[in-house]
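This report walks through one structure, part by part. Keep the sequence and the coordinates open while reading.

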Amino acid sequence: MSATPASPDRIAVLVSGRGSNLQAILDAIDAGALPARIVGVFSDKPAAPALSRVAPTLRWSASPKEYASRDAFDAALGDAIEATRPDWIVCAGYLRILCDAFVERFRGRLLNIHPSLLPKYPGLRTHARAIADGETEHGASVHFVIPELDAGTVVAQARVPVRTGDDADALAARVLAVEHPLLVAVLRLAVSGRLAEQGTTTTVDGHPLFTPLLLDSAGALRAPGTDRPV
Ligand code: GRF
């Protein structure tokens with residue numbers, strides 16, 4: 001008798017805009033490169049193009065203006081997410097700050113992709129700020145979400161050069177190209193049960209993660225200074 005295969009991990013995705021990171025997740029699932037299932041796509045922008053990337057039955061959106069407070073909106077969002085019983089919740093271009101109660105509710109399974117090499121450039125306009133500061137390197141980070149903005153443990157990063165003559169759009173496009181494989185690589189770790197946040201410690205394969213993993217040119221994650229894929 002063959003064993004029943006484990007059901008794939010359930011992923012909920014929060015979006016506010018275009019949804020290219022969501023598409024990267026969908027494509028990886030379709031290609032068999034990410035054993036997971038999208039159980040819902042949630043947005044604070046009912047007109048977000050990202051929503052149309054999934055079937056109507058998977059979409060939830062509402063305008064925060066219809067709610068009495070930030071907490072009330074996040075409570076409704078949280079209830080809708082919880083109803084889909086996700087193992088992981090991914091903020092992929094979700095541009096609204098989440099209230100502390102929401103973060104605590106899903107803590108340990110809430111990830112965000114941010115377009116900078118955190119802890120550099122939390123917040124908005126990361127590409128323009130990196131150029132203005134004369135940075136020679138920029139990139140993206142996937143991190144656990146904690147109440148403090150863009151400050152949770154960084155699981156992995158992807159680096160790109162800043163080139164002479166770059167404007168914010170050119171740099172953003174270079175970063176976006178590495179965001180997609182970065183997010184998929186981290187989710188692959190997550191859905192295989194290898195990534196965990198226990199209290200304030202993030203572990204990979206049970207070992208504390210002291211420095212972020214790095215995405216290599218083949219799309220694999222490596223511990224810095226080693227040539228062994230994780
Ligand atoms: C990405 O750069 C992401 O890092 C940032 O917002 C952008 C969203 O892009 N938080 P998309 O909606 O996934 O195309």
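## Ligand site

A polar side-chain atom of Glu179 sits 2.8 Å from an oxygen atom of the ligand. Taken alone, the ligand exposes 370 Å². The protein buries 87% of that area. The model is predicted, and these values are computed from it.

Two further short distances involve ligand oxygen atoms. Arg18 places a polar side-chain atom 2.6 Å from an oxygen atom of the ligand. Gly19 takes part through its backbone: a polar atom there is 2.8 Å from a ligand oxygen. Which residues surround the ligand? They are Arg18, Gly19, Ser20 and Asn21, together with Gly93, Ile113, Pro115 and Glu179.

## Nonpolar cores

The largest nonpolar core has 47 residues. Ile11, Val13, Leu182, Leu195 and Leu221 have the most contacts inside it. Helix 5, residues 168-191, gives the most to this core, with twelve residues. Apart from it lies another core, of 18 residues. Phe42, Ala80, Cys91 and Tyr94 are among its members.

Ile11 is worth a closer look. Leaving out residues up to four places away in sequence, Ile11 touches Ala36, Arg37, Ile38, Val39 and Gly40. Its other contacts on that count are Trp88, Val90, Leu187 and Val191.

## Three-stranded sheet

Three strands form an open sheet in the order 8-9-10. The pairing is antiparallel. Strand 8 and strand 10 are the edge strands, and each pairs on one side only. Strands of a sheet pair through backbone hydrogen bonds, either parallel or antiparallel.

Strand 8 covers residues 195-198, and strand 9 covers residues 201-204. Four bridges join the two. Glu197 stands opposite Thr202, and Gln198 stands opposite Thr201. These strands form a hairpin with two residues between them. Gly199 lies in the turn and has a positive phi of about 60°.

Strand 9 also pairs with strand 10, residues 207-208, through two bridges. Here Val204 stands opposite His207. This hairpin, too, has two residues between its strands. Asp205 takes a positive phi near 55° there.

## Two buried histidines

His114 belongs to strand 5, residues 110-114. Is His114 buried or exposed? His114 counts as buried, because its relative accessibility is 4% and the cut-off for buried is under 20%. The side chains of His114 and Asp150 are joined by a polar contact of 3.4 Å. Beyond four places in sequence, His114 touches Tyr121, Pro122, Gly123 and Thr126. The rest of that contact list is Gly139, Ala140, Ser141, His143 and Asp150.

His127 is placed in helix 4, residues 126-132. At 14% relative accessibility, His127 also counts as buried. Which residues does His127 touch, not counting those up to four places away in sequence? They are Pro115, His138, Ala168, Leu171, Ala172 and Val175. Pro115 is also one of the residues surrounding the ligand.

Definitions and conventions. Residues numbered from 1 in each chain as written. Predicted model: local features only at pLDDT ≥ 70, side-chain atom pairs only at ≥ 80, totals over all residues. Heavy atoms only, no water. Core = buried A, V, L, I, M, F, W, Y, C linked by side-chain atoms within 4.5 Å. Buried < 20%, exposed > 50% of the residue type's maximum accessible area, 1.4 Å probe, protein only. Contact = heavy atoms within 4.5 Å. Pairing = 2+ DSSP bridges. Near = heavy atom within 4 Å. Polar contact = N/O pair within 3.5 Å; in protein donor to acceptor, adjacent residues only side chain to side chain. Areas by Shrake-Rupley, 256 points an atom, 1.4 Å probe, with all protein chains shown as cover.
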